[in-house]
Amino acid sequence: MNEIVTGGCQCGAIRYRFAGPVPPAYACHCGECKKQSASAFSMSIPMDYSTLSVTGETSLYESTAYSGITKYNYFCGKCGTRLWHSSDNPPEGITLKVGTLDNSAGIEPLGHLWVSKKQKGIDVDPASDQQSTQPADLLHWRANLGSKK
């Protein structure tokens, strides 16, 4: 039986839930992710939007990623918490922000993107899948996080 995983924004206006287990997470150390997270990196979980049950209405900020693709950034319009990103609008495949989970204890990134831009003083597990920049087929890389090569 799958656990129910819950999360939401800082103020509680937006809540979500999905059937676990939580998919493998990864950290991105690019400049864009540092800006959006206001931290040294951003940690995300790739998943299908259709698996989420969402209450509350998200706001949308459209940006252009460093790769040149349009990125749709979904957040709470009341408190500003970034919840997930997608390259589709309406969203299909998303990257859910780990920090929005009610219980993110025990979630460790199995991969790291843009380690060439990593903040000094941040150590990553040498056993993790580390990419200097971004793989040519990012969707394939995300889908295979944690699988043996």
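**View 1. Tyr 16, Tyr 49, Tyr 74 and Trp 84 form one aromatic cluster.** The model shown here is predicted. Across the whole structure, a search finds 4 aromatic pairs. One of them joins Tyr 16 and Trp 84. Their ring centres lie 6.5 Å apart, and the planes meet at 75 degrees. The arrangement is edge-to-face. Tyr 16 belongs to strand E2, while Trp 84 belongs to strand E8. The two residues are 68 residues apart, so this pair links distant parts of the chain. Both Tyr 16 and Trp 84 are buried.

**View 2. Tyr 26 and Trp 141 make an edge-to-face pair.** The ring centres are 5.5 Å apart and the planes stand at 80 degrees. Planes over 60 degrees apart count as edge-to-face, which is why this pair gets the label. Tyr 26 sits in strand E3, residues 25-28. Trp 141 sits in helix H2, residues 138-143. The pair therefore ties together parts that are 115 residues apart in sequence. Tyr 26 has a relative accessible area of 4%, and Trp 141 has one of 8%. Buried means under 20%, so Tyr 26 is buried and Trp 141 is buried.

**View 3. Eight strands build an open sheet: 8 strands in the order E6-E7-E8-E9-E4-E3-E10-E11.** The pairing in this sheet is mixed. Strand E6 (58-64) and strand E11 (129-130) are the edge strands. Each of them pairs on one side only.

**View 4. Strands E6, E7 and E8 pair in the antiparallel sense.** E6 and E7 are joined by 7 bridges. Here Ser 59 stands opposite Phe 75 in E7. The hairpin of E6 and E7 has 5 residues between the strands. In this hairpin, Gly 68 takes a positive phi near 100 degrees. On to the next pairing: strand E7 (residues 70-76) meets strand E8 (residues 82-86) over 4 bridges. Phe 75 stands opposite Arg 82 in E8.

**View 5. An open sheet of 3 strands runs in the order E1-E2-E5.** Its pairing is antiparallel. The edge strands are E1 (4-8) and E5 (53-55), each paired on one side only. From one strand to the next, the twist averages 15 degrees. Strand E2 (residues 15-19) and E5 share 3 bridges. Within this pairing, Arg 15 stands opposite Thr 55 in E5. Strand E2 also holds Tyr 16, a member of the aromatic cluster with Tyr 49, Tyr 74 and Trp 84.

Key: Residues numbered from 1 in each chain as written. Predicted model: local features only at pLDDT ≥ 70, side-chain atom pairs only at ≥ 80, totals over all residues. Heavy atoms only, no water. Pairing = 2+ DSSP bridges. Axes fitted to C-alpha atoms, helices over the stretch in contact; angles between N-to-C directions. Phe/Tyr/Trp six-rings, centres within 6.5 Å; stacked < 30°, edge-to-face > 60°. Buried < 20%, exposed > 50% of the residue type's maximum accessible area, 1.4 Å probe, protein only.
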